[in-house]
Amino acid sequence: MTRSTATRAPGAQPEQLTTPLDPDAAISIRGLVKRYGERAAVDGLDLDIRRGEIFALLGPNGAGKTTTVEICEGYRSRDGGEVRVLGVDPAKGGRRWKAELGIVLQSGAGGSQLSVRELLAAQASYFADPRDPDEVLELVGLTEKAGARGRALSGGQRRRLDVALGIVGRPRLLFLDEPTTGFDPEARRQFWALIRSLRDLGTTMLLTTHYLDEAEELADRVGVLAHGQLAEVAVPTALGGRGTAPAVVSWTEDGTRRSAETTTPTAFVAGLAGRFPGEVPDLAVSRPSLEDVYLKMIGDRP
Amino acid sequence: MTTAQRTALPSVARVSRTRAGVELKEFFRQRESVVFTLAFPVILLLGLGAVLDYDLGSGVDFPQYFMAGVIAAGIVGASLQNLAIHIAGERADGTLKALAGSPMPKTAYFVGKVAQVVAVTLATVVVLLIVGVLVFGIDLPSGGDWLTFAWVTVLGAAACTLLGIAVSSLARNARSASATVTPLALVLEFVSGVFMPFDQVPGWLQDVAAVFPVKWLAQGLRSVFLPDSLAAREPAGSWELGTVAVVLGVWCVAGLLLCVATFRWQEGEGR
């Protein structure tokens, strides 16, 4: 990836783009720049998100995640670069373009006097070809709460309502901004299952999250943002060279815990197996966790 | 190339109907807004009507005089106060942002708000008239006065609706909007002769009040509920209906310009 750190005035002749925008991508970004005063929150970002994939954008607070996502959603203007979302420049996206998107926000449903079903029906009525609100309630597991008002829902239920509002328009591209913040572990599991079922329906998703296990669990690819640029894009298991990094094999022998670092864990385990009559006691093979490589990556950046 | 041609988007008219339904439910299901907006003028009428007992001449008692003022207060509450507070709340809790990101035509949102103001204004006026007649035996307008009643109400409500939408952008949330707009409306109502005969308001305050729409709304309504002999007690010695129309019309235009200049679907960029 080539970084374009050139600062150019808005409206100036665009510089030679490193690679052209990808017309088939769900989201294609080249040289994106967004400044707040003197500070560049996004500083020459290039990114392609393929149709049908779940892409997780990771990065510490202030790395430019929200800014990037909100530019793609059409909520914020940009100071430089090119962006296409479903083939359209978000700065010029009209109703028809918006009807192809789903945006899961921290909604104000908690303050509404409408029931869950009424909120969903109203949202559906803005779209050309919406999903049946009752089917969506079933999908997010809120059927029993259909008649309840927003403020009667628990935090997790309210978040599922936010997702329901985001998908009722049958979007081709769904934006999920930190969707499981404040969930208990069980609610997160259920939520992940919901996201997978949406993927099976062919929805492309751009997910931002603070939870690395969530990215690892859901994403086809992850991108790490640091200082307004993309530090790396990879499948979760390969990020930061995880796939080829030494593995740690650990087991219990003669009553003590033993471990060894090896680049050939398969051969090592085979050898280990020969030393024991049956199962190797407490055998575990681990690679550096996504968190390990992530922290290294965002710490390394200048 | 990318946008598959699916069925057409719903028409602006259809989405507007949905939004009108949403806005009516949001208002009438919320006890606070119903009490605050609808019941407050009724309580004022019952309270002040029962306590204050003076004769304004020409056989006009206080409740008859107060009908015009309390209806003006009801209109301001249904439009300016109601919208300023609720839109500020919708902006603070992300409702507006979510709508802006959806394919809802933006016109439909404002049509819904107007439908809400029309319904609440109508309900307030009808309830006040019923209470006025049944409790205080006030004389209803007659003949052409109904027409004046209608256009003054529509023009006043329109100006206050636009100002309410504009003012909502000044507040950080519903609570701060309420804390700003409620005293402001009360002060305007006091200096505009809503709660007491306008000729008892000091002259310089009358001049201040004359800049704002509430004074002209109340004055137009007084022409409806009071006998023409009382026009002599107005500052100009007449009801000045032409000026009422012009000032309220100018405030409509100013309010619209303010809305266009200040309306935001989300809290400011930059965080």
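**View 1. A three-stranded open sheet in chain A of this predicted model.** Here the strands are arranged in the order β2-β1-β4 (chain A), and their pairing is antiparallel. The edges belong to β2 (39–49) and β4 (80–85) of chain A, each of which pairs on one side only. From one strand to the next, the twist averages 25 degrees. If you would like a reminder of what holds such an arrangement together, strands of a sheet pair through backbone hydrogen bonds, either parallel or antiparallel.

**View 2. Strand β1 of chain A beside its neighbour β2(A).** Follow β1 along residues 27–36 of chain A, and you will find eight bridges linking this strand to β2(A) in the antiparallel sense. A handy place to get your bearings is A:I29, which has A:L47 of β2(A) standing opposite. Helix α1 of chain A, residues 65–73, lies across β1, β2 and β4 of chain A. What angle does helix α1 make with β1(A)? The helix runs at about 120 degrees to that strand.

**View 3. A:K65, a lysine in helix α1 of chain A.** Is A:K65 buried or exposed? A:K65 is buried, because 22 other C-beta atoms lie within 10 Å and 20 or more are enough to count as buried. Leaving aside residues up to four places away in sequence, A:K65 touches A:L57, A:G59, A:T208 and A:L225. For a sense of scale, A:L21 is 44 residues from A:K65 in sequence, and their C-alpha atoms are 20 Å apart in space.

**View 4. Helix α5 of chain A and its surroundings.** This helix covers residues 155–167, and its end C-alpha atoms are 19 Å apart, in agreement with the 18 Å that its 13 residues should span at 1.5 Å a residue. Why is α5(A) described as largely enclosed by the rest of the structure? Ten of its 13 residues are buried, so the surrounding structure encloses most of the helix. Among those buried residues are A:R158, A:R159, A:R160 and A:D162, along with A:L161, A:V163 and A:I167. The cover over the buried residues of α5(A) includes β5 (101–104), α3 (116–124), α4 (133–140), β6 (173–177) and α6 (185–200) of chain A.

**View 5. Helix α7 of chain B and its buried side.** With 18 residues (174–191), α7 of chain B reaches 26 Å from its first C-alpha to its last, close to the 26 Å expected at 1.5 Å a residue. Its buried residues are B:A174, B:A177, B:V181, B:A185, B:L188, B:E189 and B:V191. These residues cover an arc of only 160 degrees around the axis, and therefore sit on the same side of α7(B). Elements covering them include α3 (62–92), α6 (145–168), α8 (203–209) and α9 (213–225) of chain B. Just look past the helix for B:G193, which follows α7(B) and has a positive phi, near 75 degrees.

**View 6. Where chain B meets chain A.** The contact involves 30 residues of chain B and 30 residues of chain A. Which elements of chain B give two or more residues to the side that touches chain A? They are α1 (12–28), α3 and α4 (95–101) of chain B, and α1(B) gives the most, with five residues. On this side of chain B, ten residues are nonpolar, twelve are polar and eight are charged.

Technical notes
Residues numbered from 1 in each chain as written. Chains lettered and ligands numbered in written order. Predicted model: local features only at pLDDT ≥ 70, side-chain atom pairs only at ≥ 80, totals over all residues. Pairing = 2+ DSSP bridges. Helix = DSSP H or I, 4+ residues; strand = E, 2+ residues; numbered from the N terminus. Axes fitted to C-alpha atoms, helices over the stretch in contact; angles between N-to-C directions. Contact = placed C-beta atoms within 7 Å. Expected span 1.5 Å × (residues − 1). Buried ≥ 20, exposed ≤ 12 C-beta atoms within 10 Å, placed from the backbone. Arc of directions from axis to C-beta. Nonpolar A, V, L, I, M, F, W, Y, C, P; charged D, E, K, R; others polar.
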